[in-house]
Amino acid sequence: MTTTLPAYDEVVARYEPVIGLETHVELGTNTKMFCGCPTDFGGEPNTRVCPVCLGLPGSLPVANKAAIEATIRIGLALNCSIATWCRFARKNYFYPDMPKNFQISQYDEPLCVDGYLDVEVNGETVRIGIERVHLEEDTGKTLHVGGATGRIHGATESLVDYNRAGIPLVEIVTKPIPGTAALAPEVARAYVTELRDVIRSLGVSDVRMEEGSLRCDVNTSLNLPGQEWGTRTETKNVNSLRSVERAVRSEMLRQAAVLDAGGRITQETRHFHEDTGDTTPGRSKETATDYRYFPEPDLVPLAPDPAWVAELKAALPELPRLHRRRLQQAWGLSDADMQSVLNAGAVELIEATVAAGATPAAARKWWLGELSRRANESGVELADIGATPAQVAELQGLVDAGKLNDKLARTVLEGVVAGEGSPTEIMTNRRLEVVSDTGALTAAVDEAIAANPAIADKVRSGKVAAAGALVGAVMKTTRGQADAQTVRTLILERLGVSA
């Protein structure tokens, strides 16, 4: 049965959304959380494993100090209080990709609590409360084969890779976020974007959503104004910034349709489908008691030395929000212009392009213009469009040197995005370099004058603006590769007219 979804404007006029985000970050440590297995991505299945991370009898875990330090640094960057005493717990549940049948995590005694992260949305600052930041181990990965969707339903067989099992995983849980109204999807995306930037600035993870080192669970509920918050759903493992926004919007529309029809929202996990933007049911949502938490008996409690925590806090790098403010001043941008850069996810790209030799204005032009257009059309993140900051700076260098005009540069950029090579290689291979040699252009100018005698007479009579038509004719003959200013000068010279 197909349900007709209401318009988004109607939903936010009738209901108040409450969102919350649970973000999982794989730490970039050299070894796993409780053993010495390597953590590098992309190895052959089940080759980064040992008795500890496989949970074999008699094996004992030892906590990774580097992971604990990284978690404390994340908590400090998110303005959290750091526990002076905490411990690990066993979270009991069965999944085929979890070899021990329990996960070593933290429950009622997390490492970091009660923080916040400020994000900018439409020129306004929204403070997102952080409930907790805790440390745990990741699970393995299941691959379902033979079905049409890649999920277990309809699959003919399932394969398990335990390489990821035991990798240090930080979970960052927000407090419920009410009061965002129509901006709820944008606030969710802005939060995950800012959080990703913060973690990247700390150097503790590569936060690559496409590789699973940053994954987000999106909680959404609706309630009528003035009433208690509604029943929430949890959309699991959303793996792109764009999809975070889409998942919130999709759930708001779906839940509104259910409530409008007199139905009730079921507390459950849901799957997000990238191709349609829809969510579908996963399983009923467990509560804490279902996991039968109890203190991990094989690990001693953690008691971070306050002096050590103070040292870590003093050594934190400049955080992204302050860094952006400094860049805005250096680039001479208004608040609105900087917000456009931020919305496009182009801050780091532009900064790297400027570092590679381009001016801020030129870098902004390419990343917010042609490249943003291509990213939007193809539905990918700007950073994944296929052009690097170094290539964009090289392209602008060719324009500045007069070897390319803007039209030719866009053609070269098309080749860069397609993976044909560097801008210089593409310009050379496609023979796109601007023709500025006056000797080579004279014949084309004379041909244009001979073919357009009436226009030539207008120019001779003093109507210099009419020369634009002759310039256009030469540009057409040279396939846009002539230097327009040089062509105009030659035309006026051949017609005996001063500029």
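# Exercises on a predicted protein model

The protein exposes about 24000 Å², of which carbon and sulfur atoms supply 51%; accessible areas come from the Shrake-Rupley method with a 1.4 Å probe, and for residues only the protein chains shown count as cover. This is a predicted model, in which local features need pLDDT of at least 70 and side-chain atom pairs count only at pLDDT 80 or more, while totals for chains, interfaces and linings use all residues. Residues are numbered from 1 along each chain as its sequence is written, and side-chain values use heavy atoms, with hydrogens and water left out.

## Exercise 1. Overall description

Describe the protein as a whole, covering its secondary structure, burial, contacts and charges.

Solution.

1. The secondary structure comprises 17 helices and 14 strands. Helices (H or I, at least four residues) and strands (E, at least two) are DSSP runs, numbered from the N terminus.
2. Along the principal axes, the C-alpha atoms fill a box of roughly 95 × 55 × 50 Å.
3. Of the 499 residues, 47% count as buried. Buried means under 20% relative accessible area, exposed over 50%, and partly exposed in between, with a 1.4 Å probe and protein chains only.
4. Among contacts with a separation of 6 or more, 69% come from residues 24 or more positions apart. A contact means heavy atoms within 4.5 Å.
5. There are 52 positive and 66 negative charges, and their mean positions are 3 Å apart. Lys and Arg count as positive and Asp and Glu as negative, whereas His and the chain ends are not counted. The place of a charge is NZ of Lys, CZ of Arg, CG of Asp or CD of Glu.

## Exercise 2. The open sheet

Determine the strand order of the nine-stranded sheet and identify its edges.

Solution.

1. The order is β2-β5-β6-β9-β1-β10-β11-β12-β13, with mixed pairing, and the sheet is open.
2. β2 (81–82) and β13 (279–284) stand at the edges; each has a single partner strand, so one side of each is left without a neighbour in the sheet. Two strands pair if DSSP finds at least two bridges between them.
3. In general, strands of a sheet pair through backbone hydrogen bonds, either parallel or antiparallel.

## Exercise 3. Pairing around β6

Trace the partners of strand β6 (residues 124–137).

Solution.

1. Strand β5 (residues 112–121) runs antiparallel to β6 and is joined to it by nine bridges. Val119 has Val126 in β6 as its bridge partner.
2. The hairpin of β5 and β6 has two residues between the strands, and Asn122 takes a positive phi near 55 degrees there.
3. Strand β9 (residues 168–174) is also antiparallel to β6, with seven bridges. Here Leu135 has Val170 in β9 as its bridge partner.

## Exercise 4. Strand β10

Establish the burial of strand β10 (residues 214–223) and its two neighbours.

Solution.

1. Of the 10 residues of β10, 10 are buried.
2. Leu214, Cys216, Val218, Thr220 and Leu222 point one way, while Arg215, Asp217, Asn219, Ser221 and Asn223 point the other way; all are buried.
3. Strand β1 (residues 16–26) pairs with β10 in the antiparallel sense over 10 bridges. Gly20 stands opposite Asn219, and Val18 opposite Ser221.
4. Strand β11 (residues 233–238) is joined to β10 by four bridges, again antiparallel, with Cys216 opposite Val238.

## Exercise 5. A buried arginine

Examine the surroundings of Arg73.

Solution.

1. Arg73 belongs to helix α2 (residues 65–77).
2. Arg73 is buried yet has no salt bridge, and the nearest side chain of opposite charge, Glu69, is 5.1 Å away. A salt bridge is a side-chain nitrogen of Lys or Arg within 4 Å of a carboxyl oxygen of Asp or Glu.
3. Apart from neighbours within four places in sequence, Arg73 contacts Leu202, Val204, Leu312, Leu316 and Pro317.

## Exercise 6. Three individual residues

Locate Val160, Asn101 and Arg292 and classify the accessibility of each.

Solution.

1. Val160 is in strand β8 (residues 157–161) and is partly exposed, at 27% relative accessible area. Not counting residues up to four places away in sequence, Val160 touches Asn46, Pro96, Asp97, Lys141 and Thr142.
2. Asn101 lies in the loop between β3 (89–92) and β4 (102–105), with a positive phi near 70 degrees. Asn101 is partly exposed, at 38% relative accessible area.
3. Arg292 is in the loop between β13 and β14 (294–295) and has a positive phi of about 50 degrees although it is not a glycine. At 54% relative accessibility, Arg292 counts as exposed.
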